[in-house]
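Q: Could you take me through the ligand site in this one, slowly? I'd like to know what surrounds the ligand.

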Amino acid sequence: MLQAVELAAVRGERVVFAGLGFGCAPGEALLLTGPNGAGKSTLLRLLAGLVPPAEGRLLWDGADALADRPAHAARLRYLAHADALKPGLTLAENLGFWAALWGGSVAEALAAVGLEELAPLPARMLSAGQKRRAALARLALAPVPLWLLDEPSVGLDAASIGRFGALLAAHRARGGMVLAATHVDLPLPGARELRLDAASPGVGA
Ligand SMILES: Nc1ncnc2c1ncn2[C@@H]1O[C@H](COP(=O)(O)OP(=O)(O)OP(=O)(O)O)[C@@H](O)[C@H]1O
């Protein structure tokens, strides 16, 4: 169970959000919505342990989630806007880098996003949507409880959205949690919405 208590974030000189509280239980999904600049990406980076909260606490099963950063990093996958592919390496080599760290099968992960036939291609030759699918393939490598996704469906065609929906459903069925920033619908049935705006009190903690 992930719980945010009175979280605040400051970027530059500006308070991006404050007093933010919410919870996410195993199997649940939370959609982070709100206008450009509302702080969705900032919140995801904070939850990933990449930027410290200016105030408040992040709890994992009731204990301070950020007290042990390596333990927190090991329980999550964070997909940012950028696809984090090395352009000169093949798709299989790119995935292989992460598989060496996390475990899992490169072939199965590529199959989960329908990219198995492009495995030998240098990443620089992939289309924008194919690059996004390659990033999503990282989610399919090895199970961890918490997925933090920043606009994960940008550039995906209908078939890819379908495969992504299956990945999300399997993750939630085994008790995984999803927090996703988005401006569009995502295949996350029953997801709750956490809307960020100028005065965002958050949703039920
Ligand atoms: N590195 C930074 N330094 C200073 N300010 C930043 C930095 N990154 C983001 N900000 C500011 O923090 C605020 C929140 O940005 P953030 O990227 O979290 O918004 P967002 O809700 O994800 O927006 P979008 O819908 O456009 O992706 C914005 O006002 C932005 O200008």
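A: Some vocabulary before we look: helices (H or I, at least four residues) and strands (E, at least two) are DSSP runs, numbered from the N terminus. With that in hand, strand 2 (14-24) and helix 1 (40-47) each give at least two residues to the shell around the ligand. Helix 1 has the largest share, with three residues.

A quick word on the model: it's predicted, so local features need pLDDT of at least 70 and side-chain atom pairs count only at pLDDT 80 or more, while totals for chains, interfaces and linings use all residues. Numbering runs from 1 along each chain as its sequence is written, and side-chain values use heavy atoms, leaving out hydrogens and water.

Now the shell itself. There are 15 residues around the ligand (near means a heavy atom within 4 Å), and Gly 37, Lys 40, Ser 41, Thr 42 and His 183 come nearest. By type, the shell splits into three nonpolar residues (Ala, Val, Leu, Ile, Met, Phe, Trp, Tyr, Cys and Pro), four charged (Asp, Glu, Lys and Arg) and eight polar (the others, Gly among them).

What about polar contacts, meaning pairs of N or O atoms within 3.5 Å? The side chain of Thr 42 puts a polar atom 2.5 Å from a ligand oxygen. For Lys 40, a side-chain N or O atom sits 2.7 Å from an oxygen atom of the ligand. Arg 11 has a polar side-chain atom 3.1 Å from a ligand nitrogen. Overall, the protein covers 62% of the 640 Å² of accessible area (Shrake-Rupley, 1.4 Å probe) that the ligand has on its own.

Conventions. Polar contact = N/O pair within 3.5 Å; in protein donor to acceptor, adjacent residues only side chain to side chain.
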